[in-house]
Amino acid sequence: MLNKSFLTRLYALVFTYLCKYVIIGIDSSGENSKKYEYSHLNENCHILDEKLLQSIFDHIESNEAHYIKELSEAVKFPSVSAFPEDYPELLHVVEWSQKMFRNMGFRSDIKFINYKIKQYKRRRENPHKHTNKYRHRRDLLIETFGPPFLFNTLPQSKSSPSNNISLLIYGHLDVVPARRSDGWKSDPFVLTRVGDNLYGRGSSDNKGPILAWINAIRAMIDLKICIPMKIKFFLETAEESGSFGLRRIFKQEKRFFKNIDYAVISDNFCPNVKNPCLTYGLRGLLYFYVQIQSAKEDLHSGVYGGSVHESTIQLVEILSKLSNVTTGQITIPGVYDDIDPLTADEINAYSNFDFNMEDYKKNVGSLGYLLHSSKIDALSHKWREPSLSIHGIEGAFSGPGAKTVIPHKVIGKFSIRLVPHQDPQKVKNNVIEYITKLHKQHNTGNSLNIVIEEEVESWLTNYKNNNFQLASEAIKRVYGRYPDLTRDGGTVPAAVYLSKYLKDPNNSLILMPLSYAADGAHSENEHININRHIMGIKSLVSYIYELAKHHSLLDQSN
Ligand code: MN
Ligand code: MN
């Protein structure tokens, strides 16, 4: 009988082989790829100097309409990495950007992780999973091999003064989900201009900043200015869903990341709209699933209530003992062991930082008290102290109405943001040991299972290094002031993995955000301000200029 499941199996079998070839087809453009002509960058290009820098700035200012149009094209892709059914959009947006890179003369390759058939076979055994969702073979391809990555390289122009240095830019093309009904004033996937603001999902995180980088380079190409250093772009498409496959792709493609002198990530947010910033530290992340199971099936509370150890009651008891409700301190023994004490330097920096507690409380929309009343305490607990957050309970009843159920299996989800010198392995052990002990003390006989869903270390660099000095000068040229030096309480897995592959793991990478906390990334009505966007593009060109100057790559004749 030709039933649905048979067809699906047949389909899966055929595509096991097809996918192999498709993969090779897309991947093969690596080292043997077609050579693109960029003679315009090699012959008769102008070597960068101060005067040309000014003409690039003018060019950028006159291209506003083009930048807006391009961003609107990018926003139109609903490249939401959280939903497998939107996976094809990840490939669409990657192909769209690949075309742009190739037109600029970049060598550009789409790559997947070599994950292969084992995973695929597992899916085949469970074919109903993709019966309806994956009609297209490319959908199945991404579902099987993970999200696509885009690797782009533009060599230094031949007539540029020779001094082989390279600059790598990282970004992500996926976005978090957005629905009009969430409270958007316009369609989140149609870029909408209101005054100087451009509204759309991804405008500030991270499509806008990626386009700013592309346009910084393109402005130089348009004006036939020699590209003074090798430029590389590395883009991923699952940053918003735990950077699936990222750690692996770095290993797999380590040649691409070899010998990189400078790397920049423009994917976090400056705290003050008035001030540009540079970021020198990020917190890491450990994400836990704690599962308690008490029975095979959900039970009726009228029939069984009072006679069983309920899984939810036990889980809530455990979750309540992870931190102190009044102080916010984590109460898991050992978690604070290896944290650096606050230095005089830091206290000084925090107290001079433009940060107002009243405004902050307003921005948070806090109805209660904040955990800390002083600026120094608030900043240090956001940036350089660990924090624990409880995110939810899977399996517990959460809909409207009064359902009288006893859930048989619940999963508590919480995470700890890690800071420098906290060893993730040690913290993991502390957490597991503590929860196991609590569970034992409860003496319920329920089953306990702890899974670590995500693990990323913290990242910290020295803001006194060369790279920061050059970036600061670059920003000052455009904004007329030095940037704020910030740390960020968030986690960027790419920063941690990437820095390990760079020439100087401790100093090569800087975070140069082009977006601001008030832009509303991840939230409804995410936007960028077009004037700040233009300033941002200029500051990137200015940074390239500073790097070129530092390495004697400017025109020496005048
Ligand atoms: Mn981002
Ligand atoms: Mn994001």
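**Exercise 1. Describe the second largest cavity: its volume, its lining and the elements that build it.**

*Solution.* Start with the volume: the second largest cavity holds about 40 Å³. Here a cavity is a set of points on a 1 Å grid over the protein atoms alone where a 1.4 Å probe fits but cannot get out, and lining residues have an atom within 4 Å of a point. A volume is the space filled by probe spheres set on the points, with grid points joined across faces, edges and corners.

Before going on, note that this is a predicted model, in which local features need pLDDT of at least 70 and side-chain atom pairs count only at pLDDT 80 or more, while totals for chains, interfaces and linings use all residues. Residues are numbered from 1 along each chain as its sequence is written, chains are lettered from A and ligands numbered from 1 in the order in which they are written, and side-chain values use heavy atoms, with hydrogens and water left out.

Next, list the lining: Ala74, Trp96, Ser97, Met100, Leu173, Lys207, Ile210, Leu211 and Ile214. Two elements give two or more residues each, helix H4 (87-103) and helix H7 (207-222). H7 gives the most, with 4 residues. Helices (H or I, at least four residues) and strands (E, at least two) are DSSP runs, numbered from the N terminus.

Finally, sort by class: 7 nonpolar, 1 polar and 1 charged. Ala, Val, Leu, Ile, Met, Phe, Trp, Tyr, Cys and Pro count as nonpolar, Asp, Glu, Lys and Arg as charged, and the others, Gly among them, as polar.

**Exercise 2. Find the volume and lining of the largest cavity.**

*Solution.* The whole structure has 4 cavities of 30 Å³ or more. The largest has about 70 Å³ of space. Around it stand Pro276, Cys277, Ile475, Tyr479, Met512, Pro513, Leu514, Tyr516 and Ser539. That lining splits into 8 nonpolar, 1 polar and no charged residues.

**Exercise 3. Work out which residue bridges the two manganese ions, and which donors each ion has.**

*Solution.* Take ligand 1 first. The manganese ion (ligand 1) is coordinated by His172 (NE2), Asp205 (OD) and, with two entries, Asp267 (OD), at 2.0 to 2.7 Å. Donors are N, O and S atoms within 2.8 Å of the metal (3.2 Å for Na, K and Ca); water is not among the atoms, so sites may look incomplete. The spacing of these donor residues in sequence is H-x32-D-x61-D.

Now ligand 2. The manganese ion (ligand 2) has Asp205 (OD), Glu240 (OE), listed twice, and His522 (NE2) as protein donors, 2.1 to 2.7 Å away. Along the chain they follow D-x34-E-x281-H.

Compare the lists: Asp205 coordinates both ions, which are 3.2 Å apart. Asp205 lies in the loop between E5 and H7, and His522 in the loop between strand E19 (515-516) and strand E20 (527-529), 317 residues apart.

**Exercise 4. Locate the cis peptide bond and the residue with a positive phi.**

*Solution.* Most residues other than glycine have a negative phi, and most peptide bonds are trans. Asp205 and Asn206 are joined by a cis peptide bond, with omega about 10°. Asn206 sits in the loop between E5 and H7. Lys224, although not a glycine, has a positive phi of about 55°. Lys224 is in the loop between H7 and strand E6 (230-236).

Terms used: On a 1 Å grid over the protein atoms alone, a cavity is a set of points where a 1.4 Å probe fits but cannot get out, and a pocket is an open set with protein on both sides within 12 Å along at least five of seven lines; lining residues have an atom within 4 Å of a point.
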